[in-house]
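Trainee: I am new to this model and would like a close look at one part of it, followed outward into its surroundings. Please take it slowly and explain each term as it comes up.

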Amino acid sequence: MKEQNYLDVLVGVIGHPVAENPGKVIQEAAFGEMGLKRWQYLTIDVKPEDLEDAVRGLKAFGMRGINCTIPHKIKVIPFLDELSEAARLIGAVNTIVNTEGHLYGDNTDGKGLMESLRENGVDPKGKKAVVLGAGGAARAICVELCLAGTEDITVVNRPQDRALGDSLTELLSRVCRNPRYVSWEGTYRIPGDTDILINATPIGLYPDVDAIPNVDVGTILPSMFVQDVIPNPAVTPFLRAAQARGAKWNTGTGMLINQAAINIQMWTGRKPDKALMRRALDEALS
Ligand code: NDP
């Protein structure tokens with residue numbers, strides 16, 4: 001007789017808005033291939049004022065874990081029991097693991113990007129990096145770059161209020177050897193000795209697909225590796241400019257797939273098939 005077990009095993013993502021988040025497509029493709037038939041990835045729109053109830057709900061439903069996206073990555077922290085070192089340094093969580101009511105928060109955005117860089121033969125150790133933007137993704141990337149031994153890191157961001165600028169500088173000075181903060185006013189010229197240039201802003205993200213960060217693309221050199229975080233569309237005008245300048249480049253798709261793969265491993269204890277996840281994403285976005 002067949003096993004009679006119809007209990008769903010739940011994970012998912014909470015955000016607001018969240019309808020265009022492709023996590024479900026990637027994760028459920030992996031669960032299918034892994035034979036995890038009862039696993040479901042729910043995409044749940046949670047308003048900021050409902051966040052605490054949502055966390056209670058995830059415990060009540062016995063969900064194995066959840067991803068957090070904008071605007072919950074920071075505000076969810078007070079409701080968690082334990083944080084990873086990266087999440088503590090970054091001050092933001094994108095992955096929660098629920099072990100019988102004990103909620104552990106980690107941040108896999110930066111780790112996903114590091115893995116994608118390594119897949120492209122780029123080791124950040126001893127390199128000079130320029131990061132455009134200073135939001136959640138940029139902070140995660142900067143912390144992981146520094147933990148991976150990046151020699152020199154420059155964060156370029158629009159002028160902000162002093163408190164925000166100070167908190168970023170303080171964060172970087174705790175983990176980086178040579179952190180620098182540049183106020184992004186006018187067109188930014190990339191220093192010629194930059195090894196890795198990363199766009200960590202939403203500039204170029206659907207639907208604003210023709211937008212490009214305000215940098216002098218003539219200062220991009222063939223010696224640079226240019227990385228974008230934008231997953232949709234994969235090839236942005238920024239990456240096209242890098243290609244035209246003869247630089248090596250990489251889309252934000254690898255970061256997305258790798259951070260989802262890390263999440264799955266944290267929840268299931270097993271490594272998913274990343275090639276299959278990438279095919280599922282390409283199909284969904286085509
Ligand atoms: P945040 O809103 O936290 O930060 C955005 C940053 O970009 C801020 O520093 C902001 O500057 C800057 N910025 C926005 N617009 C402009 C502009 N026109 N000119 C200059 N700077 C600008 O967002 P996140 O960091 O969470 O996300 C950023 C991007 O990363 C998103 O597009 C998201 O899709 C992508 N992402 C991709 C992932 C992947 O796996 N591929 C994972 C996570 C995020 P200011 O402080 O002045 O507002």
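Mentor: Just after helix 7, Gly246 takes a positive phi of about 85 degrees, where helices and strands are DSSP runs numbered from the N terminus (H or I over at least four residues for a helix, E over at least two for a strand). Residues are numbered from 1 along each chain as its sequence is written, and the model is a predicted one, in which local features need pLDDT of at least 70 and side-chain atom pairs count only at pLDDT 80 or more, while totals for chains, interfaces and linings use all residues. Side-chain values rest on heavy atoms, with hydrogens and water left out.

Helix 7 itself spans residues 237-244, and within this helix Pro237, Phe238, Leu239, Ala241 and Ala242 are buried, a word that stands for under 20% relative accessible area, against over 50% for exposed and in between for partly exposed (1.4 Å probe, protein chains only). An α-helix has 3.6 residues a turn, so residues three or four places apart point the same way. The cover over the buried residues of helix 7 includes strand 7 (128-132), strand 10, strand 11 and strand 12, with contact meaning heavy atoms within 4.5 Å.

One of the buried residues of helix 7, Leu239, is also touched by Thr251, which, when residues up to four places away in sequence are not counted, touches Gln227, Asp228, Ala234 and Val235 as well. Thr251 sits in the loop between strand 12 and helix 8 and counts as buried, since its relative accessibility is 11%. Its side chain makes a polar contact of 3.2 Å with the side chain of Thr253; such a contact is a pair of N or O atoms within 3.5 Å, where, within protein, one must be able to donate a hydrogen and the other to accept it, and residues adjacent in sequence count only if both atoms are side-chain atoms.

Some of these strands also meet helix 4 (residues 109-119), whose buried residues are Asp109, Gly110, Gly112, Leu113, Met114, Ser116 and Leu117. These buried residues pack against helix 5 (136-147), strand 10 (196-199), strand 11 (225-228), strand 12 (248-250) and helix 8. Just after helix 4, Gly121 takes a positive phi of about 75 degrees, and a positive phi is likewise what Gly246 takes just after helix 7.

Beyond helix 8 (253-268), the loop that leads to helix 9 (274-285) holds Asp273, which is partly exposed, with a relative accessible area of 28%. A polar atom of the Asp273 side chain lies 3.0 Å from the backbone nitrogen of Ala275, and the side chain of Asp273 also reaches the backbone nitrogen of Leu276 at 3.1 Å.

For the wider setting, the protein chain has nine helices and twelve strands. Its radius of gyration, taken over C-alpha atoms, is 19 Å, close to the 19 Å that the globule rule (2.2 Å times the number of residues to the power 0.38) gives for 286 residues, so the chain is as compact as a globular protein of that length. Of those 286 residues, 48% count as buried, and among contacts between residues at least 6 apart in sequence, 71% join residues at least 24 apart.
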